[in-house]
Amino acid sequence: MGLSLSNEEAAQIAHLCEIECKTGLGTVASVFSGGLTVRTVPGAPGIGAVRKLSLPSSFRIVSAGFGPISTKLVLSNRSLKESINACGRTLVEKFLQDSSHTNLMALSRKFSSCVGLMSSRLRRVMNALDSSGFQSSMMMLGESLFCLLPRYKVAHLEAILRSQELAPLTSKVARTGARLI
């Protein structure tokens, strides 16, 4: 755009926009950092803080969903926003004590339950995954789930998701933050 902003300054403006437009509460910080992150201090890049998980390069994120949940509607609901913040504070503290990917998935699932946005059909699929030995959690925000697992388990997980009439999407975990290509 021809502005003489550093990447961090541009990300700070993007963060303000996501808050003002109610499109997220921390997406910019995570995207700016890259990798799999957990917000430990609220705020824009350079102000807030995230903790990056160290994952083997063989790990993949598999996601699937029934559809979106309006972020703007959720963030416009004061009691729901308070619930998100209260649930998040408690679970981030637990994550900081054990920042393993297994603990991340378990705490993410607790967060999903605590917030109370999970539909019965999404819970049904997640229970089927539990029965097959796969940890999953709800994506924020969407009637969608994600799993973090080694590449060699992806085909089996994708087959289970397809049997639940979902279309899985598998991706690598980015090692760097957003950038222009």
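**Exercise 1. In which loop is the place of P168? Find it, then work out its surroundings.**

Before starting, note that this is a predicted model, in which local features need pLDDT of at least 70 and side-chain atom pairs count only at pLDDT 80 or more, while totals for chains, interfaces and linings use all residues. Residues are numbered from 1 along each chain as its sequence is written, and side-chain values use heavy atoms, with hydrogens and water left out.

Step 1. P168 sits in the loop between helix 7 and strand 6. Helices (H or I, at least four residues) and strands (E, at least two) are DSSP runs, numbered from the N terminus.

Step 2. P168 counts as buried because its relative accessibility is 17%. Here buried means under 20% relative accessible area, exposed means over 50%, and partly exposed is in between (1.4 Å probe, protein chains only).

Step 3. Leaving aside neighbours within four places in sequence, P168 is in contact with V62, S63, A64, E158, L161 and R162. Contact means heavy atoms within 4.5 Å.

Step 4. Now take A64 from that list. The C-alpha atoms of P168 and A64 are separated by 4.6 Å, although the two residues are 104 residues apart along the chain.

**Exercise 2. Describe the open sheet and the helix that packs on it.**

Step 1. Start with the order: four strands form an open sheet, arranged 4-5-3-6, and the pairing is antiparallel. Two strands pair if DSSP finds at least two bridges between them.

Step 2. Which strands stand at the edges? They are strand 4 (137–138) and strand 6 (169–172); each has a single partner strand, so one side of each is left without a neighbour in the sheet.

Step 3. Strand 3 (residues 59–67) pairs with strand 5 (residues 143–150) in the antiparallel sense, over eight bridges. To see one bridge partner, find I61 and look across to L148 in strand 5.

Step 4. Add helix 6 (residues 120–131), which packs on the sheet and touches strand 3, strand 4 and strand 5. The direction of helix 6 makes about 15° with that of strand 5. Axes are lines fitted to C-alpha atoms, for helices over the stretch in contact, and angles run from 0 to 180 degrees between N-to-C directions.

**Exercise 3. Work out how helix 4 and helix 5 meet.**

Step 1. The axes of helix 4 (residues 78–97) and helix 5 (residues 101–115) come within 9 Å and cross at roughly 160°.

Step 2. That angle makes helix 4 roughly antiparallel to helix 5. The cut-offs are under 35 degrees for roughly parallel, over 145 for roughly antiparallel and 65 to 115 for roughly perpendicular, with the rest oblique.

Step 3. Helix 4 makes the contact through L80, S83, I84, C87, G88, L91, K94 and F95, and helix 5 through N103, L104, L107, K110, F111, C114 and V115.

Step 4. Sort these residues by class: the contact has ten nonpolar, three polar and two charged residues. Ala, Val, Leu, Ile, Met, Phe, Trp, Tyr, Cys and Pro count as nonpolar, Asp, Glu, Lys and Arg as charged, and the others, Gly among them, as polar.

**Exercise 4. Trace the surroundings of H15, G43 and V38.**

Step 1. H15 is in helix 1 (residues 7–20), and its 8% relative accessibility makes it buried.

Step 2. Beyond residues up to four places away in sequence, H15 touches L25, V28, G43, A44 and P45.

Step 3. Follow the link to G43, in the loop between strand 1 and strand 2 (49–52). G43 is buried at 17% relative accessibility, and its contacts outside four places in sequence are H15, A29 and G48.

Step 4. V38 belongs to strand 1 (residues 37–41) and is buried, at 12% relative accessibility. Past four places in sequence, V38 touches A49, V50, R51, L53, V92, F95 and L104.

**Exercise 5. Look for unusual backbone values.**

Step 1. Most residues other than glycine have a negative phi, and most peptide bonds are trans.

Step 2. Phi of K22 is near 55°, a positive value. K22 is in the loop between helix 1 and helix 2 (27–33) and is partly exposed, at 29% relative accessible area.

Step 3. Phi of E165 is near 65°, also positive. E165 is exposed, with a relative accessible area of 74%.

Step 4. Finish with the cis peptide bond that joins M140 and L141, where omega is about 5°.
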